[in-house]
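Let us walk through this structure step by step. We start with the strands and then turn to the aromatic rings.

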Amino acid sequence: MAAQKVHEITGIRCDDIPYEELIAAQQPAILKGVAKDWPLVEAGRRSSEAAMAYIERFEAGRQYIMYAVPAEFKGRIFYNEGLTAPNYKAEKVSFPEFLGAIRAHISAPDPDAHYIGSRDADTYFPGLRQENDLKLDHPMFAHGNLLVSVWTGSKTRIAAHYDASNNLACCMVGRRCFTLFPPEAISGLYPGPLEPTPGGQVLSMVDQHEPDLERFPHFEEVMAKAQIAELEPGDVLYFPALWWHQVEALDPFNIMMNYWWNDVPAHIDDPRAVLLHGMLAIRDRPEQERKAWQQIFNYYVFGDAENVRAHLPAHTHGPLGEMDALTARRLRAYILQLLNR
């Protein structure tokens, strides 16, 4: 099940990232050492305590949801055996309490894992980005849908999942390993339930470290197409939206900051709502109807938008024309009428 290494780009700084090149390639890439001079990265190189002291300076005194994963799961954030609930305990804590839990287990040979997932950087750690930030100077960041989040924890492993947004993942403290799969690998990753989901995302049911190839026979095929990104502190990983990725934090204390965005205006809706409604409206229809609807979707959604409207007068285009905020509101209102019949 050999996988290839993610392509590395060297010799660039955080203010000259080749965004145009990255987006055009639509492949994962490691921006080697782009964030190596950030103060938080430098603190983490000195020690975990130095990194804790540095980030605690910015902490806003809010409550956090901490996942506590028993040692028997070896840091794997997943389900219980019956897939009825997560395998961790979630509790509200302050950030100092979270760091206390990390310190209490940091030297243990077989520790429990502790993890705080995505927290908005500017809300939970105001001022952090003033000293540790990428230059976001490409027009695709101008739509106002950028989210910058901070992840903290001990040694953890998140099963492969996908995000609906593009990602720049900055490895700041501790080492990380990403295993990335292209969107077409979905069936060989054997996605789990839509609900419940640990952390809110559908997870691959395959344990990549110990794959059960009798139960998941096609995983071996997709693993051969995987790309591995081994990140040192200061490295930044770019990967496109909808790529599946397993994330492993490899050291006793780890911090990652990532930038999520989509290159679409704010009035464009979330495709996941369409996916769920498609399951409700189309999946269980007779096969001949489903095939017919597939052709209609290909024409209106996945085909050439200009071809759909080229033969019609401009005043009749409506939602067939270029989508703007007003057209989006009208279309959304019509959809709600259909849903509320």
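This is a predicted model. Begin with its open sheet, which is built from 9 strands. Read across the sheet, and the order is β2-β3-β13-β10-β15-β8-β7-β4-β6. The pairing is mixed. Now look at the edges. β2 (7–9) and β6 (89–94) stand there, and each has a single partner strand, so one side of each is left without a neighbour in the sheet. The strands are also turned against each other. Between neighbours in this sheet the angle is 25 degrees on average, with direction ignored.

Zoom in on one pair of strands. Strand β4 covers residues 63–69, and strand β7 covers residues 113–120. They pair in the antiparallel sense, over 3 bridges. Take Y67 as a landmark: its bridge partner in β7 is Y115.

Next, find a helix. Helix α2 (residues 39–46) lies across two strands, β10 (166–173) and β15 (254–261). The helix runs at about 40 degrees to β10.

Now for the rings. The model has 19 aromatic pairs. One of them joins Y190 and F216. Their ring centres are 5.0 Å apart, and 50 degrees separate the planes. That makes the pair tilted. Where do Y190 and F216 lie? Both are in the loop between β11 (176–181) and α7 (219–223), so the pair ties together parts that are 26 residues apart in sequence. Are these two residues buried or exposed? Buried means under 20% relative accessible area. Y190 has 18%, so it counts as buried. F216 has 6%, so F216 is buried as well.

A second pair brings us back to the sheet. The rings of Y238 and W261 have centres 6.5 Å apart and planes at 35 degrees, so this pair is tilted. Y238 lies in strand β13 (residues 236–239) and W261 in strand β15, so the pair ties together parts that are 23 residues apart in sequence. Y238 is buried, at 1% relative accessibility. W261 is buried too, with a relative accessible area of 1%.

Rings can also link up in a group. Here Y64, F95, F98, Y124 and F125 form a cluster through ring pairs. One member has a charge over its ring: the charged end of R62 sits over Y124, 5.6 Å from the ring centre. Look for a similar arrangement elsewhere. R76 lies over the face of F78, at 3.8 Å from the ring centre.

Technical notes. Residues numbered from 1 in each chain as written. Predicted model: local features only at pLDDT ≥ 70, side-chain atom pairs only at ≥ 80, totals over all residues. Heavy atoms only, no water. Pairing = 2+ DSSP bridges. Helix = DSSP H or I, 4+ residues; strand = E, 2+ residues; numbered from the N terminus. Axes fitted to C-alpha atoms, helices over the stretch in contact; angles between N-to-C directions. Contact = heavy atoms within 4.5 Å. Phe/Tyr/Trp six-rings, centres within 6.5 Å; stacked < 30°, edge-to-face > 60°. Buried < 20%, exposed > 50% of the residue type's maximum accessible area, 1.4 Å probe, protein only. Lys NZ or Arg CZ within 6 Å of the ring centre and 35° of its normal.
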